[in-house]
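Thanks for sending this one over. Here are a few notes to read alongside the coordinates.

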2 protein chains.
Amino acid sequence: MARLNLPKKARQRELMERLKADPFLTDEELSDIFHVSIQTIRLDRLELGIPELRERIKNVAEGNYEKIRAIGGQEIVGELIEIELGKSGISILTPTEDMVFEKTKIVRGHYIYAQAESLAIAVIDAKVALIGVANIKYKTPIYLTDKLVAKAEVVRQRGNKYFVWVKTKVNHQEAFRGKFILVSMDDEQ
Amino acid sequence: MARLNLPKKARQRELMERLKADPFLTDEELSDIFHVSIQTIRLDRLELGIPELRERIKNVAEGNYEKIRAIGGQEIVGELIEIELGKSGISILTPTEDMVFEKTKIVRGHYIYAQAESLAIAVIDAKVALIGVANIKYKTPIYLTDKLVAKAEVVRQRGNKYFVWVKTKVNHQEAFRGKFILVSMDDEQ
DNA sequence: CTACCATTAGTATCAGGTATTAATATTAGA
DNA sequence: TCTAATATTAATACCTGATACTAATGGTAG
């Protein structure tokens, strides 16, 4: 791991990458890695406009706080604005930067899917539900600036099986539709 | 916002909730909220076993770091372990706590879907691809302890349309299959 | 009236910095 | 070769948001 004699420019490039990969590195650790003094690391950070450790951590924490809400541990992706248990429901999802492909700004499919799936689950009046089969069609691309309005409707129920249709509209145009078969798990298993 | 005279127990309950809702509150801000000294807040935190601000922020940051990697801005969900561009690919996903339903420990559908979708996209030898239609079957529930092995195969190509089958196995048993139609966006649009 | 607890005050110490000034290397150019 | 510019290191004062500890005060219940 000998990393002596790196010229300034190369060191700064490396520094950027290291911190991108691991924002939790202190100046001291960095000075060890590059075999320069802490002061040099701080000059480098100053020149590159990289904030101090605590700021970096805070940024990661704050930045991720929202995202996690969107698709993480939450049971619902999108905002549930209307629900009639066992019958229907509506949810709205406003895409954020991290949901789209960088180059095209098209919303990645699994966010659209996640909104629909979680709405389908929310609509079912049962403690736990699970997707059996989903039949999906994406009709048009959805962009960062669009707003996804998903409507779910329970079309049939047979025993612990529920058939739910979810249609997602963008600008009043249908952009996605999916048929979900949900299985209530209250009794079995 | 007068909040004087709260007895100790009530204050500590409130304190817990406040910090749960907003882990970014300093002791000073809390001492303002409850109209007690900073020392009292610190005694409370000590008794309740709540770590200091910086630790809390770090926890939020670290906790979410992994999750974001899993389904956030990354282009690939799961670990790509083999790929033959334009033909086939294999990816492995090890579920984490935040991917499952709390009560049943069953992996939420959209993670399974996301792994399959992103693998399908990765396999296509084109700069940008987009899902047209996905036909999906979930065969058995997948649990937190399972490991998802997804295999993608390009079965047909017609113009800028690619037909990709993705089969996900758990313990050598097929648990999910999906048919994706991808559209290369290099020329059109 | 006293024993106990909740609360507050004060001080020393810490990590991981900022900001500034100054002293040395090192290297490139004339 | 000497000089000027650039890079690096050192030293110091200060900041925030704490920990850890000791000690003083205030109320209240028995």
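1. Let me start with α3(A), which gives the most to the surface near DNA strand D, with three residues. Please keep in mind that this is a predicted model.

2. The elements that supply two or more residues to the surface near DNA strand D are α1 (8-21) and α3 from chain A, plus α3 and α4 (53-71) from chain B. DNA strand D has 14 residues around it, and the nearest include A:S37, A:T40 and B:R54.

3. Two phosphate contacts on DNA strand D are worth a look. A polar side-chain atom of A:T40 sits 2.5 Å from a phosphate oxygen, while B:D27 places a polar backbone atom 3.1 Å from a phosphate oxygen.

4. A base is contacted too: an N or O atom in the B:R54 side chain is 2.7 Å from a base oxygen of DNA strand D. Sugar or phosphate makes up 68% of the strand D atoms within 4 Å of the protein, and bases make up the rest.

5. Now for DNA strand C, which is surrounded by 14 residues, with B:R11 and B:T40 among the closest. Here 67% of the strand atoms within 4 Å of the protein come from sugar and phosphate.

6. Polar side-chain atoms of B:T40 and B:R11 each approach a phosphate oxygen of DNA strand C, at 2.6 Å for B:T40 and 2.8 Å for B:R11. A:D27 has a polar backbone atom 3.0 Å from a phosphate oxygen of that strand.

7. On strand C, α3(B) provides the largest share of the nearby surface, three residues. By class, that surface has seven charged, four polar and three nonpolar residues.

Terms used: Residues numbered from 1 in each chain as written. Chains lettered and ligands numbered in written order. Predicted model: local features only at pLDDT ≥ 70, side-chain atom pairs only at ≥ 80, totals over all residues. Heavy atoms only, no water. Near = heavy atom within 4 Å. Polar contact = N/O pair within 3.5 Å; in protein donor to acceptor, adjacent residues only side chain to side chain. Helix = DSSP H or I, 4+ residues; strand = E, 2+ residues; numbered from the N terminus. Nonpolar A, V, L, I, M, F, W, Y, C, P; charged D, E, K, R; others polar.
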